[in-house]
Every structure is written in C-alpha cells, then in structure tokens.
Amino acid sequence: RPLIIATLVGTATSAMAADTGWYVAADFGQSKVNETKGDIDDALTSAPVTGLASSFDDSDRSYGLVAGYQLNKNFAIEGGYIDLGKFNYSATFTGGAFGPGSVDAELKASAWKISLVGILPINDSFSLNAKLHGLYSHTEVEASGVASGVPGTASGSDHSWDLGYGVGLEYKFTPQWSVRGNLDRYSKVGSNDTGEDDYDVWSVGLKYNF
C-alpha cells in the first residue's frame, strides 16, 4: 500500500507540474485598422475640397513577443509587446477652399500589454483559449501636404490605456514546443489627439515551455 500511494502521489505531482510553468512566445501576422477611407475623406470634404481622389492602406504586418506563466491547466497570465503596424493615406484634390493640393498621412500604433488567459484543454496536445488584454498603447500620426501651392506638415502622438480581447488555439507537438493561432481585437486604441481606432490582428506563433 505505501508503494501504491507513493506512485499515485508521484503521478499526480508530475501531472500538475506539466500544467504549470514559464513560457515565451513570438507571434507574426496581419493587422487591420477599422477606420475606412471614407471616414478620412469625409474629414477632408468637410473643409471643403472638391475633385478628391484618395487611397488608404488599412492593413499591415504585425508582430508580438510575450512571456507568460501558466498557473494551472485552465489559467495563465502573459505580458509582452505588440506592433500593430503602419497605415498610409494619400489624397489629391483639384479645388475647393484649399485646392488644388495633396495630402499624405501615416498612422502607427503599438502597445505593451498584459493578458489574462483562460484555457480549455481538448486533449494532451490540443487546447482552445480566450484572452482579456489590458494595453498601454502608443499611437502616432504624421501628415504632410500642399494646399494652393503652400506646403505644410502636422503630427501628433499620445499614450493611452486601452482594452482588448481574443480567442486562439494551440497545438503542442513536443513537451516544450507549441504552435498557436490567435485572433485579437484591440479596442479604441488612441486618444482625441491621434484618433481612436479598433485593430483586428490575425497571427500565428511559436511557443516554448520551460
């Protein structure tokens, strides 16, 4: 009986140890800002300008680095950095109060984040998860243009506290290495100075469990 009890205790201890511990992960994917070309066009045409032709690249590459600690098989906490990308707007106009002229603008966003992770194991290798993010974000806007032959520039940057959420899946192909996929939304990132926008990020990544 002592041998049986010792074996059971050892097995349980090993199982609990496998569900806890430190890890790091690197994620790479694509981000999309949920501001439309029409939103920016409306701001310009309210100036007003006429003969407007514009383009807006609302997606870019994104990457993130995190370190985390798994508390048990159902919960973990992560902290890290995410680059949400750069987004470019360009327009020309032929007339109106400020025409003819042109405008080029760039929006950049990034954040430090801490995340609470809920984990649903499906089997020994596969699991689903949901995340709640707290963000300390940094956004920058830079613009330059020419109106009626007169050049000008403008810029703004700010930090803000924001929230986000996401879902994901993970497949562990060795005891140390996992591949994971994530879909996250970061909400109302920015401020009145730079504008508040939602960002959607699809990513895949590698995770190493210590």
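**Close-up 1. Ser 115 and His 133 meet through their side chains, in a polar contact of 2.6 Å.** This is a predicted model, so read the distance as a computed one. Ser 115 belongs to strand 7, which runs over residues 101–121. Buried or exposed? Ser 115 counts as buried because its relative accessible area is just 1%, against a cut-off of under 20%.

**Close-up 2. Here are the residues around Ser 115, leaving out anything within four places in sequence.** Ser 115 is in contact with Ala 76, Ile 77 and Glu 78, and also with Leu 132 and His 133. His 133 is the residue that shares the 2.6 Å side-chain polar contact with Ser 115.

**Close-up 3. Tyr 63, Tyr 81 and Trp 112 make up one aromatic cluster.** How many aromatic pairs turn up across the whole structure? A search finds eight. If you want to describe any pair of aromatic rings, the quantities to look at are the distance of the centres and the angle of the planes.

**Close-up 4. Lys 207 sits over the face of Tyr 23.** The distance to the ring centre is 4.1 Å.

**Close-up 5. Helix 1 and strand 1 mark the low and high ends of confidence in the protein.** Helix 1 (residues 2–18) has the lowest mean pLDDT, 48, while strand 1 (residues 21–33) has the highest, 97. Within residues 5–17 the pLDDT is below 50, and that stretch has zero contacts in the model beyond near neighbours in sequence. For the protein as a whole, the mean pLDDT is 88, with 91% of residues at 70 or more.

Methods
Residues are numbered from 1 along each chain as its sequence is written. This is a predicted model: local features need pLDDT of at least 70, side-chain atom pairs count only at pLDDT 80 or more; totals for chains, interfaces and linings use all residues. Side-chain values use heavy atoms; hydrogens and water are left out. Helices (H or I, at least four residues) and strands (E, at least two) are DSSP runs, numbered from the N terminus. Buried means under 20% relative accessible area, exposed over 50%, partly exposed in between (1.4 Å probe, protein chains only). A polar contact is a pair of N or O atoms within 3.5 Å; within protein, one must be able to donate a hydrogen and the other to accept it, and residues adjacent in sequence count only if both atoms are side-chain atoms. Contact means heavy atoms within 4.5 Å. Rings of Phe, Tyr and Trp (its six-membered ring) pair if their centres lie within 6.5 Å; planes under 30 degrees apart count as stacked, over 60 as edge-to-face and the rest as tilted. A charge sits over a ring if NZ of Lys or CZ of Arg is within 6 Å of the ring centre and within 35 degrees of the ring normal. pLDDT is the predictor's confidence in each residue, from 0 to 100.
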